[in-house]
Amino acid sequence: SELDCILAFANCAFDLNFVRPRMLEATENRIHIKEGRHPLQEIITEKQFIPNDVCLNQDERVNVITGPNFSGKSCYLRQVGVLVYMAHIGSFIPCKEAEISLVDQICARISTVET
């Protein structure tokens, strides 16, 4: 099963143009992803997926994401979490380049108000 998992990672990386993230020590507190793509959203969307950059570090630890409904805020937030998770389990990730510090948790807050 481990070999099957590794082969699946390799096939996805090759077929979908994923790259190897550079993993950093936890003390560097850095997540830098250039032209990141949500791995599932990119496959199911009919239009071309627009890549997004992520830059979090010791000085810039919080991002406030605003915009109209259906503008991609939730997709962006999930994308960051999924890419960080994929990097931690040893997978290549869909982006141009990435530097990701080791983390012990991934937290996100998505708030919706239905009226």
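This text walks through the strands, salt bridges and pockets of one predicted model.

Begin with the strands. Strand 4 covers residues 97–101, and two other strands pair with strand 4. One partner is strand 1, residues 22–24. Three bridges join strand 1 to strand 4, and the two run parallel. Look at M23 to see one such link: the bridge partner of M23 in strand 4 is I100. The other partner is strand 2, residues 31–36. Here four bridges do the joining, and the strands run antiparallel. Find H32 next. H32 stands opposite E99 in strand 4. A general point helps when you look at side chains here. In a regular strand, side chains alternate between the two faces of the sheet.

Now stay with E99 and turn to charge. The structure holds four salt bridges. One of them links E99 to R22, with the closest N and O atoms 2.6 Å apart. What does this pair tie together? E99 sits in strand 4 and R22 in strand 1, so the salt bridge connects parts that are 77 residues apart in sequence. R22 is partly exposed, with a relative accessible area of 48%.

E99 has another arginine partner. The side chains of R30 and E99 meet in a salt bridge, at 2.8 Å from N to O. R30 lies in the loop between strand 1 and strand 2, while E99 belongs to strand 4, so this pair ties together parts 69 residues apart in sequence. R30 is partly exposed too, with a relative accessible area of 25%.

A further salt bridge joins E35 to K96. Their closest N and O atoms are 3.9 Å apart. That counts because the cut-off for a salt bridge is within 4 Å. E35 lies in strand 2, and K96 lies in the loop between helix 3 and strand 4, so the pair links parts 61 residues apart in sequence. E35 counts as partly exposed, at 33% relative accessibility. Which residues form a network? Salt bridges that share partners join R22, R30 and E99 into one.

Next, look at the empty space. Rolling a probe the size of a water molecule over the atoms shows where such space is left. The largest pocket has a volume of about 1,600 Å³. Its lining is made of 46 residues, and the closest to its centre are I65, K73, Y76, L77 and V80. Which element gives the largest share of this lining? Helix 3 does, with eight residues. Helix 3 spans residues 73–88. Strand 3, residues 52–56, also supplies at least two residues of the lining. By type, the lining of the largest pocket divides into 21 nonpolar, 18 polar and seven charged residues.

The second largest pocket has a volume of about 180 Å³. Its lining includes F9, C12, L16 and F18. H38, P39, L40 and I43 also take part, as do V82, M86 and S91. Helix 1, residues 2–15, and helix 3 are the elements that give two or more residues to this lining. How many of the lining residues are charged? None: the lining of the second largest pocket divides into nine nonpolar, two polar and no charged residues.

Two places are worth finding again in the structure. E99 stands opposite H32 and shares a salt-bridge network with R22 and R30. Helix 3 gives residues to the lining of the largest pocket and to the lining of the second largest pocket.

Conventions. Residues are numbered from 1 along each chain as its sequence is written. This is a predicted model: local features need pLDDT of at least 70, side-chain atom pairs count only at pLDDT 80 or more; totals for chains, interfaces and linings use all residues. Side-chain values use heavy atoms; hydrogens and water are left out. Buried means under 20% relative accessible area, exposed over 50%, partly exposed in between (1.4 Å probe, protein chains only). On a 1 Å grid over the protein atoms alone, a cavity is a set of points where a 1.4 Å probe fits but cannot get out, and a pocket is an open set with protein on both sides within 12 Å along at least five of seven lines; lining residues have an atom within 4 Å of a point. Grid points are joined across faces, edges and corners, and a volume is the space filled by probe spheres set on the points. Ala, Val, Leu, Ile, Met, Phe, Trp, Tyr, Cys and Pro count as nonpolar, Asp, Glu, Lys and Arg as charged, and the others, Gly among them, as polar. Two strands pair if DSSP finds at least two bridges between them.
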